[in-house]
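Ready for a bit of structure reading? Grab your viewer and work through the exercises below before peeking at the solutions.

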Amino acid sequence: MDKFIIEGPTPLQGTLPVSGSKNAALPLMAAALLADSPTRIHHVPRLRDIYTFCNVIRVTGTHVLFDEDEGVVTIDPSNLAHVESPYELVRKMRASFYMLGALLGRTGRARVSLPGGCAWGPRPVDLHLKGMEEMGARIELESGYVVAESGDLLEGGRFTLKPSSVGATINLVLASVLRAKKFTIHNAAKEPDVVLLCKALVKMGADIEGIGSNTLTIRKVNSLSGTTLHNSPDRIETGTFMIAAAMHPESDVTLTNTSPEDLGVFPEYFEKTGAEVEFNETSIRVKAPETIRPMPVETAIYPGFPTDLQAQWSTMMTQAKGRSAVTDNVYPDRFSYVPELKRLGASMQLSGNTVEIDGGNSLTGASVMSTDLRASVSLVLAGMIAKGQTEVLRVYHLDRGYENLEKKLNRIGADILRVS
Ligand code: EPZ
């Protein structure tokens, strides 16, 4: 297992390129399975989760080619014959569960393993299954697998997501575009990842109304054709790098290849910490403040403060002058990074789904353990500002969601050594 050895504190100066979005690319790859001809997806990041999903899709007989140099994935489903996604692959990457919507949507049948748990607690899929039953599909659970059947034409109907769910919205759209006469999803998620998927499906020939709103209405079309799609920049990597650029008072970083409009309310909170931000079409310049002002946040569904930036925000607040509080309303137990930050000297108190942070004391390097993707990057951010040497263990969590992280950061002043 790889680990990072990080020397801090180091200011960051220069340009930081943002990679393609993991969470936007995965649904586009699943959507390609619905078409009668090949689809090419550009700007796909080279991440473990993408490679895993390529293998999950290959199990069906679909031809998948990932041109890593170009960052282009080509998916040709014409030989798709095996409508199954096995546990040993689905457990590696929860978003493989999108295969349920894609296979059911394309063939009317699917046998997909239930996703396992994840590092920070339960992540149910009840809304995915109830929504498909509402659409008219028959859903059975059979020794850890979901077995789904649906005729060629489902009456459809309507379903309200409580709570709003990105994954359930994506799965229900994938299952309905070729199959449900008319299906309306209320309280649908409207993350940029969902909007990009719906626009891609419409480009392929789907009939979807309400894109970008909380109510999506899908009407069945007979077929979808493959096309060329462009993945969006990773908005969570963008937010992570903005926070990285605000931690050391001498930092001055320009993020490139990004899309500021995908960040929801995050920039408003970020600017209130005192960081100087300059937005352009595809780049964001961040100059760190002399001192970081404490800024409490509560996560919410898009366009609210993203839960995927909650851990990184807490790290930033350990350097703010004063008290703040970070509350996660989406994943109430997503705080496994707190004990690790306390090992670096952070003063934090967790109660329920809120962590109180007493900022302003400097951190001192130590060995810390990654537990999940976003927690591990919050430890890297802390190591880059802590005095002395920080060891971040099990960085394979990072490799799932951040492309060449240490190379990008070292290029602008960080001192991170990957040790296998
Ligand atoms: C997506 O997960 C993202 N993953 C997550 O990012 C992200 O944290 C999450 O959305 C929230 O923004 C991908 O896009 C691959 P949800 P998802 O369904 O779809 C509850 C990362 O770091 N819920 O929107 O699984 C659920 O418990 C990952 O890249 C149900 O109750 O999230 C949660 O409280 C981590 N029943 C809330 O909805 C269901 O059937 C939101 O979850 C489904 C969800």
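Here are three exercises on a predicted model, each with a worked solution.

**Exercise 1.** Work out how helices α8 and α10 are arranged, and which residues meet.

*Solution.*
- Start with the axes: those of α8 (residues 235-244) and α10 (residues 310-317) come within 10 Å and cross at roughly 5°.
- Angles under 35 degrees count as roughly parallel, so α8 is roughly parallel to α10.
- Next, look at the contact itself: Ile236, Thr240 and Ile243 from α8 meet Gln312, Trp313 and Met316 from α10.
- Sort the residues of this contact by type and you get four nonpolar, two polar and no charged.

**Exercise 2.** Find the strand order of the open four-stranded sheet, then say which strands stand at its edges and where α10 sits.

*Solution.*
- The order reads β18-β19-β21-β20, and the pairing is mixed.
- β18 (297-298) and β20 (347-351) each have a single partner strand, so they are the edges, with one side lacking a neighbour in the sheet.
- Now zoom in on β19 (residues 323-327) and β21 (residues 354-358): they pair antiparallel over five bridges, and Ala325 stands opposite Glu356 in β21.
- Finally, add the helix: α10 lies across β18, β19, β20 and β21, at about 175° to β19.

**Exercise 3.** Describe the largest nonpolar core and a second, separate one.

*Solution.*
- The largest core has 74 residues, and Met29 and Leu201 have the most contacts inside it.
- Helix α1 (residues 22-32) gives the largest share, seven residues.
- Leaving out residues up to four places away in sequence, Leu201 touches several residues, including Ala31, Val173 and Leu224.
- The second core, separate from that one, has 64 residues, among them Phe270, Trp313, Ala346 and Ile416.
- Trp313 should ring a bell: this α10 residue also turned up in the contact with α8.

Technical notes
Residues numbered from 1 in each chain as written. Predicted model: local features only at pLDDT ≥ 70, side-chain atom pairs only at ≥ 80, totals over all residues. Heavy atoms only, no water. Axes fitted to C-alpha atoms, helices over the stretch in contact; angles between N-to-C directions. Helix = DSSP H or I, 4+ residues; strand = E, 2+ residues; numbered from the N terminus. Parallel < 35°, antiparallel > 145°, perpendicular 65-115°, else oblique. Contact = heavy atoms within 4.5 Å. Nonpolar A, V, L, I, M, F, W, Y, C, P; charged D, E, K, R; others polar. Core = buried A, V, L, I, M, F, W, Y, C linked by side-chain atoms within 4.5 Å. Buried < 20%, exposed > 50% of the residue type's maximum accessible area, 1.4 Å probe, protein only. Pairing = 2+ DSSP bridges.
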